[in-house]
Amino acid sequence: MKLAAIMLLAVLLTGLAGCSAGSGPAAEGKEGDTKGYPKHPITYSIPFDPGGQSDLEARRQQPHLERILGTSIVITYKIGGGGAVGWTELAGKKPDGYFMAGINVPHIILQPLLQRDAGYKTEQLEPVAIFQSTPVGLAVRKDSSIQSLEDLIRMAKDKPGALTAAGVGTYTGHHMTHLLFEEKLEAAIQYIPFTGAAAAMQSFLGGNTDLLWGNSNDLVSYKDEFRLIAIGSAERFTALPDTPTFIEQGVDLIAGIDRGVAVPQGTPEKVVQELEKAFLKIAADPEVIRQMTAEGFEPKAMGAAESKAYIKQLKAEYEPLVAELRP
C-alpha cells in the first residue's frame with residue numbers, strides 16, 4: 001500500500017474540523033402522511049452491544065426525545081458485522097419516521113467501500129444528526145511489560161504477529177486505525193474484532209488480548225484499570241491530559257469516531273426535520289454537554305444537511321484511497 005495514501009487516510013479517519021422503498025403514503029413522496037407526526041412510538045436501534053458508546057448516548061437521549069417528540073422511544077439492538085447488520089436492517093425499513101438507528105463514521109463509509117457485500121450502501125442511510133465524537137487511544141494492562149509506545153513498537157518489530165489488539169468490528173474506525181498503525185510501524189499485530197466496545201473492554205481486561213483500541217469515554221471510565229500509552233487526538237485530549245498523542249511520540253496517526261443517528265433513505269423531509277430539531281435541542285442542552293465532556297466524549301451538533309454533506313465529502317475522498325485495502 002502506498003504510504004502517502006495511508007497517511008492521508010489516517011487524517012481522514014478523524015473527519016473534517018439495496019434500500020427498500022417501503023409501502024404506504026410515507027414512501028410515495030417527500031411529504032407523505034406526516035401530519036401529527038409522531039403518532040406512535042419510535043424505534044431507536046443500536047447496531048452494537050448494550051453498554052457501548054452508541055447505547056450510552058441513546059439512553060441519555062431517550063427521556064429528552066420522549067419529552068420533545070411526545071411519544072415513547074423504544075431502544076432495540078441489532079448486533080453484528082461491526083454495525084453492518086444493524087445498518088442493513090435500517091436500509092430496508094419503511095421510511096416513515098418510526099425507525100431510526102445510531103450511525104458511526106467512518107464505519108458507514110468504509111464498510112460498503114471495503115466489503116464486497118456489506119448489506120447496505122452509505123446513501124441508503126439518511127443522516128438526521130451527528131452529536132458526538134471520541135478520539136481512539138491504545139492501552140495495555142497494568143501488568144504488561146509494555147510501559148510506553150516505544151516499548152510496544154520495539155516488541156512488535158522483534159516478534160511480528162505475537163501481540164494481539166482488541167477492537168470493535170472489521171472495516172470500522174478501530175480496524176482501520178489498527179491497519180494504519182501497522183503500516184506506520186512496518187510490523188504485524190493481530191487484530192481481534194468484537195461486536196461492541198463493552199465486549200472488547202471486558203476481553204482485554206480479562207487478559208485475552210495484549211492491547212486495546214478504545215474510545216475516549218471508555219478510556220476515561222476505566223483509566224485506573226490499565227495503562228494508556230497514546231491517544232489519537234491532534235492535541236492532548238482534555239479529559240486525559242497526561243496521555244501523550246501518537247504524534248507527540250513520533251507516529252503520525254490521528255484517529256476518532258463520530259456518532260449520530262439516521263433514518264432510511266426516502267423518509268419524508270418534514271419527518272427528518274422534526275427528528276433533527278429534537279436531536280439538536282438535546283445536543284445544545286448545557287447539562288448534556290457537561291455530562292458528555294466529563295465522561296470523555298467530544299460533543300458535536302451537526303444537523304441533517306451538514307451531516308449528509310460531511311459524509312458525502314468523506315466518502316468521495318476515501319474512494320480512491322481504500323482501493324488498495326480491498327480484500
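**The largest cavity**

In this predicted model, the largest cavity holds about 110 Å³ of space. Select F48, Q53, N104, V168 and N215 to find its centre, for these are the closest to that point among the 14 residues that line the cavity. Next, colour helix α2 (residues 53–69) and strand β9 (residues 256–264), each of which supplies at least two residues of the lining of the largest cavity. The largest share, 3 residues, comes from α2. Which kinds of residue, nonpolar, polar or charged, make up the lining of the largest cavity? The lining divides into 4 nonpolar, 8 polar and 2 charged residues.

**The second largest cavity**

Now move to the second largest cavity, with about 50 Å³ of space. Select E57, Q61, F131, F279, I282, A283, V288, M292, P299 and K300, the residues that line the second largest cavity. Four elements each supply at least two residues of this lining: α2, α9 (269–283), α10 (286–295) and β10 (298–302). Of these, α9 gives the most, with 3 residues. The lining of the second largest cavity divides into 7 nonpolar, 1 polar and 2 charged residues. Helix α2 may be kept on display, since α2 contributes at least two residues to the lining of the largest cavity and at least two to that of the second largest.

**Q61 in helix α2**

Stay with α2 and select Q61, which is found in this helix and lines the second largest cavity. Is Q61 buried or exposed? Q61 counts as buried because its relative accessibility, 2%, falls under the 20% limit. Display Y44, F131, F279 and I282 as well: Q61 touches these residues, with those up to four places away in sequence not counted. Among these contacts, F131, F279 and I282 also line the second largest cavity.

**The nonpolar cores**

In soluble globular proteins, nonpolar side chains tend to be buried together. To examine the largest nonpolar core here, select V105, I108, I109, Y120 and L125, which touch the most other members of its 29 residues. The elements α3 (84–91), β3 (99–105), α4 (107–114), β4 (125–141) and α11 (304–322) each supply at least two residues of this core. Centre the view on I108 and show W87, I103, Y120, T122, L125 and I311; I108 is in contact with these residues, leaving aside neighbours within four places in sequence. Another core, of 26 residues, lies apart from the largest one, and its members include Y44, I46, A58 and I282. Y44 and I282 have already appeared on this tour as residues that Q61 touches.

**Two cis peptide bonds**

Return to V105 and follow the backbone to P106. The peptide bond from V105 to P106 is cis, with omega near 25 degrees. P106 is placed in the loop between β3 and α4. A further cis peptide bond runs from Y37 to P38, where omega is near -5 degrees. P38 lies in the loop between α1 (3–12) and β1 (42–46).

**Helix α6 and M176**

Select residues 173–185, which form helix α6. This helix has 13 residues and reaches 18 Å from its first C-alpha to its last, close to the 18 Å expected at 1.5 Å a residue. How many of the 13 residues of α6 are buried? The number is 10, so α6 is largely enclosed by the rest of the structure. The buried residues of α6 are G173, H174, H175, M176, T177, H178, L180, F181, E182 and L185. Pick M176 from this group: its relative accessible area is 1%. Add A255, which is 79 residues away from M176 along the chain; the two C-alpha atoms are separated by 9.0 Å.

**Either side of α6**

Two residues with positive phi complete the tour. Y171 lies in the loop between β5 (164–168) and α6. Y171 has a positive phi of about 55 degrees although it is not a glycine, and at 17% relative accessibility Y171 counts as buried. At the other end, α6 is followed by E186, in the loop between α6 and β6 (190–194). E186 likewise is not a glycine and has a positive phi of about 55 degrees. Is E186 buried or exposed? At 74% relative accessibility, E186 counts as exposed.

Key
Residues are numbered from 1 along each chain as its sequence is written. This is a predicted model: local features need pLDDT of at least 70, side-chain atom pairs count only at pLDDT 80 or more; totals for chains, interfaces and linings use all residues. Side-chain values use heavy atoms; hydrogens and water are left out. Buried means under 20% relative accessible area, exposed over 50%, partly exposed in between (1.4 Å probe, protein chains only). On a 1 Å grid over the protein atoms alone, a cavity is a set of points where a 1.4 Å probe fits but cannot get out, and a pocket is an open set with protein on both sides within 12 Å along at least five of seven lines; lining residues have an atom within 4 Å of a point. Grid points are joined across faces, edges and corners, and a volume is the space filled by probe spheres set on the points. Ala, Val, Leu, Ile, Met, Phe, Trp, Tyr, Cys and Pro count as nonpolar, Asp, Glu, Lys and Arg as charged, and the others, Gly among them, as polar. The expected span of a helix is 1.5 Å times one less than its number of residues. A nonpolar core is a set of buried Ala, Val, Leu, Ile, Met, Phe, Trp, Tyr and Cys residues joined through side-chain atoms within 4.5 Å. Contact means heavy atoms within 4.5 Å.
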